[in-house]
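User: I'd like to go through this structure with you and check the reasoning behind the labels. Shall we start once it is on screen?

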Amino acid sequence: MNLDKIVCNCFNVTNGMIKDAVDAGASTLEEVQAATNAGTACGVCLDDVQRLVDEFVAERDK
């Protein structure tokens, strides 16, 4: 996965920033939004952000 790829264009949030938020303890979409602002403006990226949160949480909790 390209961690430099932007997932939220409104706030220039990358895959890596989502991963960093999860690695720092965020476990839900809302917690990642609080840490990164991803998905809090137009909402177009919400499905992608949720998918990444789920993926990174599963990876972290292995």
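User: Thanks! Which residues does isoleucine 18 touch, not counting residues up to four places away in sequence?

Analyst: Happy to help, and please keep in mind that this is a predicted model. Isoleucine 18 touches Val7, Val13, Val32, Thr36, Ala38, Val49, Leu52, Val53 and Phe56, with residues up to four places away in sequence not counted. For Leu52, the C-alpha to C-alpha distance from isoleucine 18 is 7.2 Å, although the two are 34 residues apart in sequence.

User: Why is isoleucine 18 called buried?

Analyst: Buried means under 20% relative accessible area. Isoleucine 18 has 0% relative accessibility, so it counts as buried. Its place is in helix α1, which spans residues 15-23.

User: Which other residues of α1 are buried, and what covers them?

Analyst: Along with Ile18, the buried residues in α1 are Asn15, Gly16, Ala21 and Val22. The cover over the buried residues of α1 includes β1, β2 (13-14), α2 and α3.

User: Why does lysine 19 count as partly exposed?

Analyst: Partly exposed covers the range between the buried limit of under 20% and the exposed limit of over 50%. Lysine 19 is at 21% relative accessibility and therefore counts as partly exposed. This lysine 19 also belongs to helix α1. Leaving aside neighbours within four places in sequence, lysine 19 is in contact with Leu3, Phe56 and Glu59.

User: What makes α1 and α2 roughly perpendicular?

Analyst: The two helices, α2 being residues 29-36, pack at an angle of about 115 degrees, and their axes are 9 Å apart. Angles of 65 to 115 degrees count as roughly perpendicular, and therefore α1 and α2 are given that label. Their crossing is right-handed. On the α1 side the contact is made by Met17, Ile18, Ala21 and Val22, and on the α2 side by Val32, Ala35 and Thr36.

User: How many residues of each class does that contact have?

Analyst: The contact of α1 with α2 has six nonpolar residues, one polar residue and no charged ones. Thr36 is part of the contact, and Thr falls in the polar class because it is on neither the nonpolar nor the charged list.

User: Where does isoleucine 18 stand in the largest nonpolar core?

Analyst: That core has 16 residues, and Ile18 is among those with the most contacts inside it, alongside Val7, Val13, Val32, Ala38, Val49 and Val53. Two or more residues come from each of β1 (6-8), α1, α2 and α3 (46-60). The most come from α3, which gives five residues. As a general point, nonpolar side chains tend to be buried together in soluble globular proteins.

User: What is notable about phi in asparagine 12 and asparagine 37?

Analyst: Each has a positive phi in a residue other than glycine: near 55 degrees for asparagine 12 and near 75 degrees for asparagine 37. Asparagine 12 sits in the loop between β1 and β2, while asparagine 37 sits in the loop between α2 and α3. There is a positive phi after α1 too, near 125 degrees, in glycine 25.

User: Why are these two asparagines called partly exposed?

Analyst: The same reasoning applies, with limits at 20% and 50%. Asparagine 12, at 48% relative accessibility, therefore counts as partly exposed. Asparagine 37 is at 37% relative accessibility, so it counts as partly exposed as well.

How values were computed: Residues are numbered from 1 along each chain as its sequence is written. This is a predicted model: local features need pLDDT of at least 70, side-chain atom pairs count only at pLDDT 80 or more; totals for chains, interfaces and linings use all residues. Side-chain values use heavy atoms; hydrogens and water are left out. Helices (H or I, at least four residues) and strands (E, at least two) are DSSP runs, numbered from the N terminus. Buried means under 20% relative accessible area, exposed over 50%, partly exposed in between (1.4 Å probe, protein chains only). Axes are lines fitted to C-alpha atoms, for helices over the stretch in contact, and angles run from 0 to 180 degrees between N-to-C directions. Angles under 35 degrees count as roughly parallel, over 145 as roughly antiparallel, 65 to 115 as roughly perpendicular and the rest as oblique. A crossing is left-handed if the near helix is turned anticlockwise from the far one by less than a right angle, and right-handed if clockwise. Contact means heavy atoms within 4.5 Å. A nonpolar core is a set of buried Ala, Val, Leu, Ile, Met, Phe, Trp, Tyr and Cys residues joined through side-chain atoms within 4.5 Å.
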